[in-house]
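Open the model in your viewer and keep the selection box handy. We will go from one stop to the next, picking residues as we go.

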Amino acid sequence: MKLTPDQLVQFDRDGYLFFPGLFTPEETQTLNQAVPDLYTRREGYNVREKGKDAVRTNFAAHLYSEPFAKLARHPRMIEPVQELLGEALYMHQFKINGKMAFEGDVWQWHQDYGTWLNDDLMPTERAMNVAIFLDDVTEHNGPLMFIPGSHKKGVVDARHDLTTTSYPLWTVDNDLIRQLVQRAGGKGGFDAAGRPIPGGIVSPKGPAGSMILFHSCLVHASGSNLSPFNRVSVYLSLCAVSNHIRRHKRPEYIAHRDFTPIECLPDDCLLQDYAVALPWKDGVPATALQTSMEEIAPKRKAA
Ligand code: SIN
Ligand code: MN
């Protein structure tokens with residue numbers, strides 16, 4: 001899938017692109033039906049909401065679940081990021097976020113690259129997120145909120161929040177959020193005829209199968225899900241191979257250590273049989289749980 005010149009301009013300006021309904025209901029169904037089994041597993045790779053049983057994030061399903069292994073090689077997800085970064089990509093992180101009905105908790109304001117830099121020593125922001133909705137996303141079930149253009153600020157100040165939710169994140173404080181939102185258009189509101197006027201926060205909403213691509217420095221958050229409807233979404237965090245992380249402070253199921261370039265499958269891969277490797281099918285290897293604060297040397301390209 002090739003981006004149009006208009007999409008390239010829009011991505012540069014706003015820091016994200018939204019593709020409503022890019023995947024068909026048949027395609028998303030192959031993914032959706034695999035989620036309940038993954039979420040019931042009592043494994044470290046399932047991080048549950050604070051004090052609850054509901055899964056907040058499932059990590060690394062592309063290494064042990066066939067439909068997600070195919071998604072991790074899907075040309076509609078990989079090719080646009082490859083085009084924007086101009087380089088082969090590896091999978092830095094793969095997550096299926098639950099944001100389950102009534103239980104899904106907030107994601108505080110943050111930039112993903114802040115966490116990748118501070119925890120994983122990823123050298124630059126040459127990495128990107130691409131998300132696919134597995135449920136319809138509406139204003140009711142905790143949609144993502146973006147501050148358009150905030151990626152232009154580069155890496156902003158962040159604080160390691162270890163307590164608010166069950167998942168530690170480098171978060172951005174309210175004063176800076178206020179400034180960034182003001183700069184992006186402020187409060188927004190309604191005109192005299194009651195028509196909405198956009199402000200400095202946007203929330204892409206759409207049917208299951210919609211895709212969002214967003215810059216690793218784009219400041220984003222999401223509210224809790226008080227609705228009776230799940231908001232399951234999958235996030236591929238793709239990193240340019242030359243920009244691979246330099247530290248294994250976090251377990252491998254959170255920050256991957258295999259920097260092999262991703263090779264795409266054909267476009268119909270979610271609906272057809274294609275062989276994919278499932279290296280963690282029989283369990284997570286003990287080495288994946290080992291962590292270290294030591295800096296690792298860059299991997300050199302083969303001559
Ligand atoms: C994230 O920012 O990584 C997740 C946010 C969400 O799923 O709402
Ligand atoms: Mn994020």
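By class, seven nonpolar, six polar and four charged residues make up the lining of the largest cavity. The model you are looking at is predicted, and the volume of this cavity comes to about 170 Å³. Of its 17 lining residues, select the ones closest to the centre: Lys95, Trp107, His110, Asp112 and His220. Then colour the elements that give two or more residues to the lining, namely strand 4 (89-97), strand 5 (107-110), helix 6 (112-120) and strand 13 (220-222).

**Stop two: the metal**

Now show ligand 2, the manganese ion. Which protein atoms are its donors? Select His110 (NE2), Asp112 (OD) and His220 (NE2), and you will find them 2.1 to 2.2 Å from the ion. Along the chain, these donors follow the spacing H-x1-D-x107-H.

Stay with Asp112 for a moment, which you will find in helix 6. Is Asp112 buried or exposed? Its relative accessibility is 8%, below the 20% cut-off, so Asp112 counts as buried. His110 is buried as well. For a sense of distance, draw a line from the C-alpha of Asp112 to that of Pro207: the two are 24 Å apart in space and 95 residues apart in sequence.

**Stop three: ligand 1**

Next, display ligand 1 and the residues around it: Lys95, Asn97, Trp107, His110, Leu144, His220, Ser222, Arg231 and Tyr235. His110 and His220 should still be selected from the metal stop, where they are among the donors.

Three side chains are worth a distance label here:

- Ser222 has a side-chain N or O atom 2.6 Å from an oxygen atom of ligand 1.
- Tyr235 places a polar side-chain atom 2.7 Å from an oxygen atom of the ligand.
- Lys95 has a side-chain N or O atom 3.3 Å from an oxygen atom of ligand 1.

Zoom in on Ser222, which sits in strand 13. Why does Ser222 count as buried? Its relative accessible area is 4%, and buried means under 20%, so Ser222 falls within that class. Add Lys99 to the view too, since the side chains of Ser222 and Lys99 make a polar contact at 2.7 Å.

**Stop four: the second cavity**

How many cavities of 30 Å³ or more does a search of the whole structure find? There are two. The second largest has a volume of about 50 Å³. To see its walls, select Ala131, Phe133, Val137, Pro143, Leu144, Pro204, Arg231, Ser233 and Tyr235. Strand 6 (127-133) and strand 14 (233-240) are the elements that give two or more residues to this lining. By class, the lining has seven nonpolar residues, one polar and one charged. Leu144, Arg231 and Tyr235 may look familiar, as they are also among the residues that surround ligand 1.

**Last stop: the largest pocket**

Finally, move to the largest pocket, which holds about 400 Å³ of space. Which of its 17 lining residues are closest to the centre? Select His62, Leu63, Arg73, Asp258 and Thr260. Sorted by class, the pocket lining has ten nonpolar, three polar and four charged residues.

Technical notes. Residues numbered from 1 in each chain as written. Chains lettered and ligands numbered in written order. Predicted model: local features only at pLDDT ≥ 70, side-chain atom pairs only at ≥ 80, totals over all residues. Heavy atoms only, no water. Donors = N, O, S within 2.8 Å, 3.2 Å for Na, K, Ca; no water. Buried < 20%, exposed > 50% of the residue type's maximum accessible area, 1.4 Å probe, protein only. 1 Å grid on protein atoms, 1.4 Å probe; cavity = no way out; pocket = protein on both sides within 12 Å on 5 of 7 lines; lining within 4 Å. Points joined across faces, edges and corners; volume = space filled by probe spheres on them. Helix = DSSP H or I, 4+ residues; strand = E, 2+ residues; numbered from the N terminus. Nonpolar A, V, L, I, M, F, W, Y, C, P; charged D, E, K, R; others polar. Near = heavy atom within 4 Å. Polar contact = N/O pair within 3.5 Å; in protein donor to acceptor, adjacent residues only side chain to side chain.
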